[in-house]
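Please look through the model below with its chains in view, and follow the description from one part to the next.

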Amino acid sequence: MKSGIIIFPGSNCDNELQKALESVGSSVIRVWHKEVNLPKNIDIIFLPGGFSFGDYLRPGAIAAKSPILNSIISFGKAGGYIVGICNGFQVLLESDLLTGALLRNKNQKFICKDEKIIIGACDSIFTKNFTSGELVNFPIAHNDGSYFCTDKSLKSLIDNDQIPFSYKENPNGSKASIAGICSLNKRILGLMPHPERVVFEENGGSDGFKFFNSIIENF
Amino acid sequence: MKVRLEIRLNSDILDPQGDAINNALQQMNFKSVSSVRQGKLIELDVKASNQEEAHNLVKKMAEELLVNPIMETYIISMG
């Protein structure tokens with residue numbers, strides 16, 4: 001599998017993400033946001049965490065207008081696999097590849113801690129190696145992670161099994177405790193927690209390894 | 001031409017910044033305040049031949065970048 005990691009000014013989880021992907025056997029190509037075209041034969045695109053463009057205007061809003069995004073949007077619309085983690089999730093929402101918005105945390109604080117995440121019913125490569133209802137530990141680290149969408153959108157997300165990740169104890173005021181959602185075709189995933197931070201046991205857990213392994217084994 | 005774009009969070013969305021400001025005001029004994037909502041003001045200097053053209057330009061910018069309609073509303077004013 002060949003993964004592309006898109007780097008924006010202010011991305012800061014790209015190196016961990018690269019290590020995580022390499023640990024499950026994927027090759028990685030790093031792509032600067034000013035590129036117009038994606039590298040050839042890329043299988044999956046990752047938008048990493050961080051603070052692209054300093055979170056100015058709204059987190060992810062300016063990155064969503066970067067030159068590479070046109071190619072990413074076309075890639076996604078053609079059925080390509082895309083994963084946005086944390087700031088990457090914000091970029092996916094701002095570019096309308098996923099539905100909803102991420103608001104300031106309810107408690108008005110930057111939250112950085114381990115979080116229990118419930119795996120939802122969702123037939124995707126991201127969750128295939130987990131069982132529905134399984135609890136995993138993924139850390140979160142964000143200021144704007146309170147997921148919001150209209151009631152109509154929420155119903156549609158639930159009805160179509162598009163909520164692969166929910167918080168056990170909602171830390172940020174997210175609607176329906178949502179931690180991550182995916183597209184209708186289950187190929188575009190956005191999530192606030194950081195699985196790339198728990199890939200190696202010596203870093204505090206390996207649930208993230210299972211996540212990346214699920215992607216590569218079921219691709 | 002100077003154009004002002006005021007951006008507000010939708011009224012049904014929780015505004016924790018506004019709440020934090022309100023809490024501080026209450027602590028300072030401004031008891032007459034019942035609620036606070038915080039928004040954004042963006043001032044733009046736009047080349048346009050008339051006000052209508054400037055207004056339409058900023059409206060397009062709001063729709064394409066400056067405002068997220070899922071969570072925000074906006075008002076455009078001149079000068």
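What follows goes from the sheet of chain B to its interface with chain A, and then to a salt bridge inside chain A.

The model is a predicted one, and chain B is a convenient place to begin. Here 3 strands form an open, antiparallel sheet, in which the order is β2-β1-β3. Strands β2 (40–45) and β3 (72–78) of chain B occupy the edges and have a single partner strand each, so that one side of each is left without a neighbour in the sheet. From one strand to the next, the twist averages 20°. The pairing of strand β1 (residues 2–9) of chain B with β3(B) is antiparallel and runs over 7 bridges; within these two strands, B:Arg8 of chain B stands opposite B:Thr73, a residue of β3(B). Helix α2 (residues 51–66) of chain B packs on this sheet and touches β1, β2 and β3 of chain B, while its direction makes about 160° with that of β3(B).

From the sheet, the description turns to the interface between the two chains. The size of an interface is often given as the accessible area lost when the parts come together. For chain B and chain A, the area buried between them is about 1300 Å², of which 67% lies on carbon and sulfur atoms. Of the area that chain B buries against chain A, B:Pro16, B:Leu65 and B:Ile70 supply 38%, more than any other three residues. In terms of contacts, 15 residues of chain B meet 13 residues of chain A.

Side chains of opposite charge can pair when their charged atoms come close. Between chain B and chain A the count is 1 salt bridge, and the side chains of B:Glu72 and A:Arg58 meet in a salt bridge at 3.7 Å, N to O. Across this interface there are also 6 residue pairs in polar contact, with both residues at pLDDT 80 or more. On the side of chain B that touches chain A, the elements giving two or more residues are α1 (16–27), β2 and α2 of chain B, and the largest share, 3 residues, comes from α2(B). The residues on that side divide into 9 nonpolar, 2 polar and 4 charged.

Over all chains, the structure holds 16 salt bridges. One of them joins the side chains of A:Arg197 and A:Glu16, at 4.0 Å from N to O. Because A:Arg197 lies in the loop between β11 (188–191) and α5 (207–218) of chain A, and A:Glu16 in helix α1 (residues 14–23) of chain A, the pair ties together parts that are 181 residues apart in sequence.

How values were computed
Residues numbered from 1 in each chain as written. Chains lettered and ligands numbered in written order. Predicted model: local features only at pLDDT ≥ 70, side-chain atom pairs only at ≥ 80, totals over all residues. Heavy atoms only, no water. Pairing = 2+ DSSP bridges. Helix = DSSP H or I, 4+ residues; strand = E, 2+ residues; numbered from the N terminus. Axes fitted to C-alpha atoms, helices over the stretch in contact; angles between N-to-C directions. Contact = heavy atoms within 4.5 Å. Buried area = accessible area lost by both parts, 1.4 Å probe. Polar contact = N/O pair within 3.5 Å; in protein donor to acceptor, adjacent residues only side chain to side chain. Nonpolar A, V, L, I, M, F, W, Y, C, P; charged D, E, K, R; others polar.
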